[in-house]
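Open the model in your viewer and keep the sequence panel beside it. This tour goes from one selection to the next and says what is there.

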Amino acid sequence: DLARIRDRVKNYANIAGTAKARGTVTGTADDIRATVSAAVDNLTLNGKRYDQAEVSLAYGANVISDLTLTLKRGAQSLSVQAANYDIKTNCLQSATGRIVDINIPDVWQLLTSSPYLRTAQGRSLQEAIGRVPKLTGGTLSANIALDGCLNQPNGSLSLHASNVGVDIREIKSLDINATATNGLVTLNRLIAASDDTSVTATGEFAIPDRRVRLDVVASNLDLSRLRPWLGDNTPSGVARADFLVEGNVTSPHVVGSVEVVKPGYGGFTFDALRASRVEVTDNKIEFSDVILASNSHQAVARGYLPWSWSTFSIPPNEPLTISASLQKQDLSLLSALTAELDPARTSGAIQAAVQVGGTFASPKISGNLRIDNGTVAVKNFSNDFKNVNVNLRFDGNRVVVDELSAASSLGGRISVTPGGYVTMGLLADSAIDLKIAADGLIVAERNALGFREDITSQVDAGLSVTGTL
């Protein structure tokens, strides 16, 4: 009964079943030689039961001269054969492995159910697995061959997986072909494809010094597919990205470019985004000439964000620097931010220069945004807002109003008293202090509410808005 050895492996696996074995043991205490064959009935490993589990081996002089292992579960199977494995040198003459139609969620459960993950030694592995989206479907088949010493092996890998479920998404196919010579692993081909989306990679990985060089290309990547990784912060759009990854596998140097068609975030959609150079170093993500375009308008940004390879995230308390500019663009670009604006009747110049410093958790913003003598039209409103003049100043975590005024084409004006402000950041820490005055302001709307209404109103009022958002 394998329950008798459960205590010895309880930190690594939950195991059950009934074993039977036979063989011969010869030699002296200093030179044991053995030939053993064993089978386990009803083998259960971390909650998964196997139909067949068999192993046979021949051992002598610290060398496993012959090893055969077979595991089967329904149509799934794993078989391993090895010859002349020297335990002291960690070298072998040859080994082959064959995996047929392995259920990927089963493997995922075997891994995530291991008691080892709940030990102090396994905590870092558990944290790494926690950052990977759950694998919910798919099958995998592979052929593996190895020879030489395992710290510098020779060998080959051919792997195919299909219908791989990643959280709620699915990768239709994954193909990997790799070879190894004296510890240098050459990735001849990696192709992950789903409909029109594909990710390809080629390159090398040197096992002895853990250095990598990879060329990665992602084409027609629907950014919404990144939701399992990014959650509610996932942008939209279709991207192409080219990257070169070099250096130590734990903190490589990455450089490349990204283009996104119809990028969107937070309900706003634009025509295109292009980052001609993105570079990831030990502790930074640097970017230059990031262009966000809408119709004939564009904004440009550059700077850097902090980065941690150990946590694969942006550290909240490390410094960042971002600058963005909008050079005398037409006000109609605001129609990209709200569908309520009528771009055909909106005109004027808008320009802005913004710098962001501080940290991700506590950003500090400086700069300003200006609109001079603009015209803004709202759909289903008969009046336009003319002589629109705006001067907003970014000061730390505040947007301060130095000027904000407009006149209705039907008569009257609206303005905000200079010095009013809105703070930016977490809602719990936000504040607003604005004084708004309407002086004979006439507005007229038709069917804006969908009730075939036709309303003209004149507003004379003073409004003070203060408190938290």
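**Stop 1: Asn 389**

Select Asn 389 and show its side chain, which reaches the backbone oxygen of Asn 387 at 3.1 Å. A word of caution before going on: this is a predicted model. Asn 389 belongs to strand β23, which covers residues 384–396. Now display its surroundings. Setting aside residues up to four places away in sequence, Asn 389 touches Ile 371, Asp 372 and Asn 373. It also touches Glu 403, Leu 404 and Ser 405.

**Stop 2: Gln 355**

Go next to strand β21, residues 347–358, and pick Gln 355. Is this residue buried or exposed, or something in between? Gln 355 has a relative accessible area of 37%, so it counts as partly exposed. Add Ser 366 to the selection. The two residues are eleven apart along the chain, and their C-alpha atoms are separated by 5.2 Å. Ser 366 is also one of the contacts of Gln 355, once neighbours within four places in sequence are left aside. Show the others too: Ile 322, Ser 323, Lys 364, Ile 365 and Gly 367.

**Stop 3: the whole chain**

Zoom out and switch to cartoon. The chain holds four helices and 28 strands. Its radius of gyration is 32 Å, well over the 23 Å that the globule rule gives for 469 residues, so the chain is more spread out than a compact globule. Turn the C-alpha trace along its principal axes: it spans about 105 × 45 × 40 Å. Colour by accessibility next. Of the 469 residues, 33% count as buried. For contacts with a separation of 6 or more, residues 24 or more positions apart account for 40%.

**Stop 4: the disulfide**

Select the cysteines. How many disulfides does a search of the whole structure find? There is one. It joins Cys 91 to Cys 149, with an S to S distance of 1.7 Å. The pair links distant parts of the chain, 58 residues apart. Cys 91 is in strand β7, residues 91–103, and Cys 149 is in strand β8, residues 135–149. Look along the S-S bond: with 90° about it, the link of Cys 91 and Cys 149 is right-handed.

Now compare the two ends. Why does Cys 91 count as buried? Its relative accessibility is 16%, and the cut-off for buried is under 20%. Cys 149 has a relative accessible area of 29%, so it is partly exposed.

**Stop 5: helix α2**

Move to helix α2, residues 104–112. Show Asn 103, which caps the N-terminal end of α2. A side-chain oxygen of Asn 103 lies 3.0 Å from the backbone nitrogen of Asp 106. Asp 106 is itself one of the buried residues of the helix. Highlight the rest of that set: Ile 104, Trp 108 and Leu 110.

**Stop 6: the aromatic pair**

Show Trp side chains. A search of the whole structure finds one aromatic pair. The rings of Trp 307 and Trp 309 have centres 5.7 Å apart and planes at 90°, so the pair is edge-to-face. Trp 307 counts as buried at 14% relative accessibility. Trp 309 counts as buried at 19%.

**Stop 7: charges over rings**

Two selections belong together here. First, pick Lys 284 and Tyr 304. The charged end of Lys 284 sits over the ring of Tyr 304, 4.3 Å from its centre. Then pick Arg 398 and Tyr 421. Arg 398 lies over the face of Tyr 421, at 3.7 Å from the ring centre.

**Stop 8: positive phi in two loops**

Finish with two asparagines and their backbone angles. Asn 46 sits in the loop between β2 (31–45) and β3 (48–49). Its phi is near 50°, a positive value in a residue other than glycine. Asn 46 is buried, with a relative accessible area of 7%.

Step along to Asn 62, in the loop between β4 (52–60) and β5 (63–73). What is the phi of Asn 62? It is positive, about 65°, although the residue is not a glycine. Asn 62 is partly exposed, with a relative accessible area of 28%.

Notes: Residues numbered from 1 in each chain as written. Predicted model: local features only at pLDDT ≥ 70, side-chain atom pairs only at ≥ 80, totals over all residues. Heavy atoms only, no water. Disulfide = S-S within 2.5 Å. Buried < 20%, exposed > 50% of the residue type's maximum accessible area, 1.4 Å probe, protein only. Polar contact = N/O pair within 3.5 Å; in protein donor to acceptor, adjacent residues only side chain to side chain. Contact = heavy atoms within 4.5 Å. Phe/Tyr/Trp six-rings, centres within 6.5 Å; stacked < 30°, edge-to-face > 60°. Lys NZ or Arg CZ within 6 Å of the ring centre and 35° of its normal. Rg over C-alpha atoms; globule rule 2.2 N^0.38 Å.
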